[in-house]
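Reader: I have a structure open and want to learn to read it feature by feature. Can we go through it together?

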Amino acid sequence: MKIINSKNKVVNFADIKEGDVFSVHAGESIYMKTECIETTGTDLINCVNLSNGNLEYLAGDYAVTPIDCELII
């Protein structure tokens with residue numbers, strides 16, 4: 001994936017759509033939002049860390065920075 005342009009606009013995680021790419025912690029990690037999936041018990045997953053493949057959960061009011069990017073295959 002090639003990042004074309006990073007905007008500095010911070011929004012709530014709930015305001016981006018599935019498939020959108022975003023960063024957290026001042027660009028430290030880059031994620032893609034996924035469908036909300038319930039795993040074992042009450043654990044939830046709603047994003048994937050693109051640098052290490054870890055599945056994670058972020059609350060809707062978590063501050064994220066959307067990233068414009070292009071997937072090149």
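Reader: Let me start with two rings. Are F13 and F22 buried or exposed?

Author: This is a predicted model, so every value here is computed from predicted atoms. Burial is judged by relative accessible area, and under 20% counts as buried. F13 and F22 are both buried.

Reader: How do I describe the way two rings meet?

Author: A pair of aromatic rings is described by two things: the distance of the centres and the angle of the planes. This structure holds two aromatic pairs. In one, the ring centres of F13 and F22 are 5.4 Å apart and the planes stand at 70°, so the pair is edge-to-face. The cut-off for that label is over 60 degrees.

Reader: What kind of pair do F22 and Y31 form?

Author: A stacked one. The centres of F22 and Y31 are 5.6 Å apart, with 10° between the planes. Y31 is buried, as is F22. Put the pairs together and F13, F22 and Y31 form one aromatic cluster.

Reader: Which charged end sits over the ring of F13?

Author: That of K33. The charged end of K33 lies 4.5 Å from the centre of the F13 ring.

Reader: Which residues make up the largest nonpolar core?

Author: A core is traced by linking buried nonpolar residues through side-chain atoms within 4.5 Å. Here the largest one has nine residues: V11, F13, I16, F22, V24, Y31, C47, L58 and V64. The three rings of the aromatic cluster, F13, F22 and Y31, belong to this core.

Reader: C47 is on that list. How buried is C47, and what is C47 in contact with?

Author: C47 has 0% relative accessibility, so C47 counts as buried. Set aside neighbours within four places in sequence. C47 is then in contact with F13, F22 and Y31, among others. Its contacts also include M32, K33 and T34, as well as N54, L55, E56, Y57 and L58.

Reader: How many disulfides does the structure hold?

Author: Zero, after a search of the whole structure. The test is sulfur to sulfur, within 2.5 Å. For C47, the closest cysteine sulfur is in C36, 9.8 Å away, so the two are too far apart for a bond. Another cysteine, C69, has 29% relative accessibility and so counts as partly exposed.

Reader: Where is E18, and is E18 buried or exposed?

Author: E18 lies in the loop between β2 (11-12) and β3. Its relative accessibility is 53%, so E18 counts as exposed. Beyond residues up to four places away in sequence, E18 touches K33, T34 and E35. Sequence distance and spatial distance are separate readings. E18 and C47 are 29 residues apart in sequence, with their C-alpha atoms 8.7 Å apart.

Reader: Which strand holds S23, and what surrounds S23?

Author: S23 is in strand β3, residues 21-24. S23 has a relative accessible area of 5% and is therefore buried. Leaving out neighbours within four places, S23 is in contact with S29, I30, V64, T65 and I67. V64 is also a member of the largest nonpolar core.

Reader: Now the whole chain. How many helices and strands are there?

Author: Zero helices and seven strands. From the N terminus on, the order is β-β-β-β-β-β-β.

Reader: What do the totals say about burial, surface and contacts?

Author: The chain has 73 residues, and 26% of them count as buried. About 5000 Å² is exposed, with carbon and sulfur atoms supplying 50% of that area. Take contacts between residues at least 6 apart in sequence: 48% join residues at least 24 apart.

Methods: Residues are numbered from 1 along each chain as its sequence is written. This is a predicted model: local features need pLDDT of at least 70, side-chain atom pairs count only at pLDDT 80 or more; totals for chains, interfaces and linings use all residues. Side-chain values use heavy atoms; hydrogens and water are left out. Helices (H or I, at least four residues) and strands (E, at least two) are DSSP runs, numbered from the N terminus. Buried means under 20% relative accessible area, exposed over 50%, partly exposed in between (1.4 Å probe, protein chains only). Contact means heavy atoms within 4.5 Å. Accessible areas come from the Shrake-Rupley method with a 1.4 Å probe; for residues, only the protein chains shown count as cover. Rings of Phe, Tyr and Trp (its six-membered ring) pair if their centres lie within 6.5 Å; planes under 30 degrees apart count as stacked, over 60 as edge-to-face and the rest as tilted. A charge sits over a ring if NZ of Lys or CZ of Arg is within 6 Å of the ring centre and within 35 degrees of the ring normal.
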